[in-house]
Amino acid sequence: MKTKIMGTLAVSSLALVLVACGAQTSGAESAATNAAGTNAPSTTAAPAAAAETEEASGTESASASPAEEQMPQFGESYTWEDGITIKIGQPKAYKPSQSAAVSGDGDPIAFNVTIVNGTGERFDPAMFNATMQSSNVEADQIFDSAKKLEGTPSTTILPKRESSFQLGFTVADKKDLVLEVTPSFEHESVVFTNF
């Protein structure tokens, strides 16, 4: 009987702890999901206070540095330390052909992408990846061989050479574009914007 009471007490205590933890988590989640505008950072005072504390103590947060980096714009280039450069052209209105693979609602756009190999070694562009968001909604990529939107090139790029191709997406708002580009698995992604 004593064992049964102790077991019931232990289970009740565990349930109480889990409920208390759940209440704290759900409050944090609801505060984190209330974004302040389209693709805009939160305007709460907590992150600013944390940054001031870090500056006063002389330490830096590793997660703070990517947010502080200047993001390149469409029409600009980004060069990684190894010498790979990606240039993203300005997005333009685009009318898909009848044979195009188009999904999603929104406006179709297309833009040029140029990969420049400044590494001194061969570069395989097959693992190049690009994803897009528009008005906080993931955009769908368009494939249209009739209009040269065929995805990434497959031919190795020799040193001091480049490869150009076009990408297309269906977007919710042409004035609110976030393009995340990764040249390969060995490179970190970079975000291009148009705002």
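Below, a trainee and a mentor chat about one predicted protein model.

Trainee: Hi! What should I know about the numbering and the model before I start?

Mentor: Residues are numbered from 1 along each chain as its sequence is written. The model is predicted, with local features needing pLDDT of at least 70, side-chain atom pairs counting only at pLDDT 80 or more, and totals for chains, interfaces and linings using all residues, while side-chain values use heavy atoms and leave out hydrogens and water.

Trainee: Great. How many helices and strands are there in the protein?

Mentor: The protein has 3 helices and 10 strands. These are DSSP runs numbered from the N terminus: helices are H or I with at least four residues, strands are E with at least two. Along the sequence the pattern reads α-α-α-β-β-β-β-β-β-β-β-β-β.

Trainee: And what share of the residues counts as buried?

Mentor: Of the 195 residues, 26% are buried. Buried is under 20% relative accessible area, exposed is over 50%, and partly exposed is in between (1.4 Å probe, protein chains only).

Trainee: Can you show me a buried one?

Mentor: Sure, take P183, which has a relative accessible area of 1%. P183 sits in the loop between strand 9 and strand 10.

Trainee: Which residues is P183 in contact with, leaving aside its neighbours within four places in sequence?

Mentor: Those are W80, I84, I86, F123, M127, F128 and E188, where contact means heavy atoms within 4.5 Å. I86 is 97 residues from P183 along the chain, and their C-alpha atoms are separated by 7.8 Å.

Trainee: What about contacts across the protein as a whole?

Mentor: Among contacts between residues at least 6 apart in sequence, 68% join residues at least 24 apart.

Trainee: Back to that loop. Is E186 buried or exposed?

Mentor: E186 is exposed, at 77% relative accessible area. E186 also lies in the loop between strand 9 (177–182) and strand 10 (190–193).

Trainee: Switching topic, any odd backbone angles?

Mentor: Have a look at S135 and N136. S135 has a positive phi of about 50° without being a glycine, and N136, also not a glycine, has a positive phi near 65°.

Trainee: Where is S135?

Mentor: S135 is in the loop between strand 5 (129–134) and strand 6 (137–138), and N136 lies in the loop between strand 5 and strand 6 as well.

Trainee: How accessible are they?

Mentor: S135 is partly exposed at 26% relative accessibility, and N136 is partly exposed at 42%.
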